[in-house]
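Good morning, colleagues. Please take a moment with the sequence and the model on the screen, and then I shall go through the cysteines, the helix packing and some individual residues.

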Amino acid sequence: MRISVICVGKVKEQYLRDAIAEYSKRLGRYCKLDIIEVADEKTPEHASEGVERQIRAKEGGRIAKHIRPDAYVIALAIDGTMLSSEGLAAHINQLGLHGESHIQLIIGGSIGLDDAILHRADYRLSFSKMTFPHQLMRVILLEQLYRAYKINTGEPYHK
């Protein structure tokens, strides 16, 4: 299985980069992982909805250039479906059983994803009703993917 994480912006904090590197290494046993970063737009403080929509559209255009037509696309969105770790594992397992060989997971920038990207997605996944920093979300996503593979292979993983 090939997993691509398409995300907006660069991770600045070393501790987050270290965690991303660690989970990327661990996932290498189970899948081919790519992390694709696209440039983010600076969002002015107190930006209007129109300005935010324009920013999401610019970032969305950059994301869209990396979406493969043959990939199964999962957008991380607060209004998406919430799954348990076991539920995410089962979803990934089912995708593999149904012939999906490439999953692309998309993490938007600080103000979310463009509607065009959300409409292109085959599935919307929510980790919580809470808002997380998009840089931290990469670590959380990679950890949950690693946990999903451990569950699917029947290997122990702490609860």
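I begin with the cysteines. The closest cysteine sulfur to that of C7 belongs to C31, at 15 Å, which is too far for a bond. I should say at once that this is a predicted model. A disulfide here requires two cysteine sulfur atoms within 2.5 Å, and a search of the whole structure returns zero of them. C31, accordingly, takes part in no disulfide, the nearest cysteine sulfur being that of C7, 15 Å away.

Are these two cysteines buried or exposed? C7 is buried, its relative accessible area being 0%. C31 also counts as buried, at 9% relative accessibility.

Let us stay with C31 for a moment. This residue sits in the loop that links α1 and β2. What does C31 touch, once residues up to four places away in sequence are set aside? Its partners are M1, I3 and Y149. In addition, the C-alpha atoms of C31 and R2 lie 5.7 Å apart, although 29 residues separate the two in sequence.

I turn now to the helix packing. Two packed helices are described by the angle between their axes and the distance between the axes. How, then, is α1 placed against α5? Helix α1 covers residues 14–27 and helix α5 covers residues 134–152; their axes come within 9 Å and cross at roughly 20°. Because angles under 35 degrees count as roughly parallel, α1 is roughly parallel to α5. The crossing of this pair is left-handed.

On the α1 side, the contact is formed by L16, A19, I20, Y23, S24, R26 and L27. On the α5 side, the participants are Q135, L136, R138, V139, L142, E143, L145, Y146 and Y149. Sorted by class, the residues of this contact comprise eleven nonpolar, two polar and three charged.

Helix α5 also packs against α3, which spans residues 85–97. Here the axes are 8 Å apart and the angle is about 75°. That angle makes α3 roughly perpendicular to α5. From α3, the residues S85, E86, L88, A89, A90, I92 and N93 meet Q144, L145, R147, A148, Y149, I151 and N152 of α5. This contact contains eight nonpolar, four polar and two charged residues.

One further residue of α5 deserves mention, namely K150. This lysine is buried, with a relative accessible area of 9%. Which residues does K150 contact, leaving aside neighbours within four places in sequence? They are R29, Y30, E155, P156 and Y157.

Finally, I draw your attention to a backbone feature. H46 is not a glycine, yet has a positive phi of about 60°. Where is H46 located? The residue lies in the loop between β2, residues 32–38, and α2, residues 49–64. H46 is exposed, with a relative accessible area of 78%.

To summarise, the search finds zero disulfides, α5 is roughly parallel to α1, and α3 is roughly perpendicular to α5. Thank you for your attention.

Key
Residues are numbered from 1 along each chain as its sequence is written. This is a predicted model: local features need pLDDT of at least 70, side-chain atom pairs count only at pLDDT 80 or more; totals for chains, interfaces and linings use all residues. Side-chain values use heavy atoms; hydrogens and water are left out. Buried means under 20% relative accessible area, exposed over 50%, partly exposed in between (1.4 Å probe, protein chains only). Axes are lines fitted to C-alpha atoms, for helices over the stretch in contact, and angles run from 0 to 180 degrees between N-to-C directions. Helices (H or I, at least four residues) and strands (E, at least two) are DSSP runs, numbered from the N terminus. Angles under 35 degrees count as roughly parallel, over 145 as roughly antiparallel, 65 to 115 as roughly perpendicular and the rest as oblique. A crossing is left-handed if the near helix is turned anticlockwise from the far one by less than a right angle, and right-handed if clockwise. Contact means heavy atoms within 4.5 Å. Ala, Val, Leu, Ile, Met, Phe, Trp, Tyr, Cys and Pro count as nonpolar, Asp, Glu, Lys and Arg as charged, and the others, Gly among them, as polar.
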